[in-house]
Amino acid sequence: MAEFTTLHDAVADLVHDGDSVALEGFTHLIPFAAGHEIIRQERRDLTLIRLTPDLIYDQMIGMGCAARLVFSWGGNPGVGSLHRFRDAVENGYPAPLEIEEDSHAGMSVRYSAGASGLPFGVIRANTGSDLFKHNAVAPIVCPFTGEELAAVPALNPDVTVIHAQQADRKGHIGLWGITGVQREAVLAARRSLVTVEEVVDELRPLGPNHVKLPSWVVDAVAVVPGGTHPSYAMGYSTRDNAFYTRWDDISRERDRFTRWMEENVLEVAG
Amino acid sequence: MSHDYTTDEMMTVVAARQLRDGQVVFVGIGLPSEAANLARLTHAPNAVLIYESGTIGTRPEVLPLSIGDPELAETADMVVSVPEIFAYWLQSGRIDVGFLSAAQIDSCGNLNSTVIGDYDRPRVRLPGAGGAPEIASAARQVIVTLRHSARAFVPKVDFCTSTGTRVSVVITDLGVLKREPSSRELYLVALHPGVDLDQVREQTGWDLKVSDHLTVSEPPSAEELGVLRLLLERTAAAHAV
């Protein structure tokens with residue numbers, strides 16, 4: 001059963017140095033507050049997993065939390081580069097960053113395999129992409145049709161962290177709108193933490209595509225209203241596109257980035 | 001030669017014209033999204049726009065900054081998960097048109113959005129593949145739009161993020177490239193008004209083949225320009241910093 005706790009205690013308890021950690025949320029519902037708490041608690045040597053690293057992994061990479069990144073699209077959506085990610089890959093700053101790269105389809109199949117307790121998932125091998133020369137994909141032949149396909153290894157993070165709109169009093173989780181790979185990422189993980197906008201008597205979606213996760217697949221729930229800013233929670237907040245645009249300037253130079261993180265993350269109580 | 005429209009507007013209008021009404025389109029963010037929505041707001045009101053965030057049949061009032069803006073989810077016929085959009089909707093072969101852009105393209109339509117330079121020691125680390133490999137290989141037809149420059153139009157892409165085998169047309173700010181039957185290579189088939197052939201050759205990093213039937217693109221109509229400008233004005237107001 002999920003335990004209601006504080007964000008500070010949940011991160012202290014569930015996220016350890018050297019863990020593989022997935023903070024998921026496809027543009028919508030990105031768990032920024034939880035990422036900031038991981039930065040404040042100075043976790044190191046993490047393998048960070050996410051389809052779209054987004055600003056939150058730019059911040060965690062720039063603050064030295066990550067040794068490795070498993071991902072499929074590392075940009076600032078509609079704006080340009082993730083400068084801290086680029087600095088790590090191009091210059092090894094603040095630490096070398098090993099990368100393992102897939103397509104979105106590959107990553108989502110890898111999470112689905114992990115959630116299913118299978119060792120691998122299957123995608124088509126006909127994409128002609130050079131990605132196949134650099135990642136863990138392996139050729140496989142369909143035993144029924146003889147078709148050549150590609151096997152991709154399951155993803156089973158040590159910890160998955162997501163943000164949802166609601167939890168009920170038993171700790172059942174409700175999220176809606178763009179729900180990305182969050183269900184698969186939670187079910188694939190050994191441990192999981194969900195931050196929520198609010199606790200309600202009964203889960204009631206304020207938008208399409210209602211996804212629920214039962215309390216007994218979640219380890220900890222922390223109530224963190226606004227915990228997804230500058231991403232958003234449909235029905236509660238809207239995406240702060242202006243901040244995403246401003247991040248380009250804030251993150252471009254190492255010193256300005258570090259000052260911003262000190263003032264806006266490190267010196268802020270979790 | 002001066003016009004009452006910009007080269008970017010010309011590019012977007014010609015890209016939009018490639019879509020037919022009723023087609024199911026998997027849309028990339030940026031220039032493809034701009035062109036696909038212009039098509040939807042003009043000659044293709046029944047085009048089904050799908051974004052990889054899982055929004056199906058979306059009708060945004062303003063262009064999304066990201067692939068998962070609230071606008072896309074709020075105006076969609078339905079929203080599904082990311083594993084579902086790639087498995088049931090894209091890889092199963094339900095998409096008529098994949099609409100992409102990239103940092104580099106080569107003469108065969110292969111696209112690069114991964115790295116400039118060597119993969120293990122990149123000069124520039126670009127965002128990466130996202131949905132492109134599966135979009136380019138699973139959609140029945142791929143339309144590409146990007147600005148023409150010798151840096152972007154290279155003899156061989158530094159990294160093949162997605163294959164060019166299904167690319168049928170490339171629309172730039174200077175003209176239009178297509179495949180001739182029985183050729184893997186892209187041919188220049190149209191110049192935009194006021195653009196001359198030498199200009200295109202200069203901005204293309206390979207020995208560009210030119211169609212025997214080279215034409216000049218139809219300039220934007222008053223309606224196309226009006227709808228596009230209103231769309232961009234609404235978008236700028238919505239995303240104001």
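**H5 and the sheet under it**

I started with helix H5 of chain A, residues 104–116, and found that it lies across S8 and S10 of chain A. I noted its direction against S8(A) as about 150°. One caution for everything below: I am reading a predicted model.

Next I asked myself in what order the three strands of that open sheet come. The order is S8-S10-S9 in chain A, with antiparallel pairing. Strands S8 (120–124) and S9 (138–141) of chain A stand at the edges with a single partner strand each, so one side of each has no neighbour in the sheet. I also jotted down the turn between neighbouring strands here, which is 45° on average, direction ignored.

Then I went through the pairing of S9(A) with S10(A), residues 148–153. Four bridges join these two antiparallel strands. I looked up A:Pro139 in particular, and its bridge partner in S10(A) is A:Ala150.

**H1 against H2**

I moved on to the helix pair H1 (residues 7–14) and H2 (residues 32–40), both in chain A. They pack at an angle of about 60°, and their axes are 10 Å apart. Angles from 65 to 115 degrees would count as roughly perpendicular and those under 35 as roughly parallel, so I put H1(A) and H2(A) down as oblique to each other. The crossing of H1(A) and H2(A) is right-handed.

Which residues make the contact? From H1(A) I listed A:Leu7, A:His8 and A:Val11, and from H2(A) A:Ala33, A:Ala34, A:Glu37 and A:Ile38. By type, the residues of this contact are five nonpolar, one polar and one charged.

**Where chain A touches chain B**

I checked the contact between the chains too: 47 residues of chain A are in contact with 41 residues of chain B. The elements of chain A giving two or more residues to its side are helix H4 (83–91), H5, helix H6 (182–188) and helix H7 (241–252). So H5 turns up again in my notes, now on the side that touches chain B. Which element gives the most? H7(A) does, with five residues. I split the chain A side by type and got 15 nonpolar, 23 polar and nine charged residues.

**Chain A overall**

Last, I looked at the whole chain. Chain A has eight helices and 15 strands. Its radius of gyration is 18 Å, close to the 18 Å that the globule rule gives for 270 residues, so chain A is as compact as a globular protein of that length. Along the principal axes, I wrote down a C-alpha trace spanning about 55 × 45 × 30 Å for chain A.

Methods
Residues numbered from 1 in each chain as written. Chains lettered and ligands numbered in written order. Predicted model: local features only at pLDDT ≥ 70, side-chain atom pairs only at ≥ 80, totals over all residues. Axes fitted to C-alpha atoms, helices over the stretch in contact; angles between N-to-C directions. Parallel < 35°, antiparallel > 145°, perpendicular 65-115°, else oblique. Left-handed = near helix turned anticlockwise from the far one by under 90°. Contact = placed C-beta atoms within 7 Å. Nonpolar A, V, L, I, M, F, W, Y, C, P; charged D, E, K, R; others polar. Pairing = 2+ DSSP bridges. Rg over C-alpha atoms; globule rule 2.2 N^0.38 Å.
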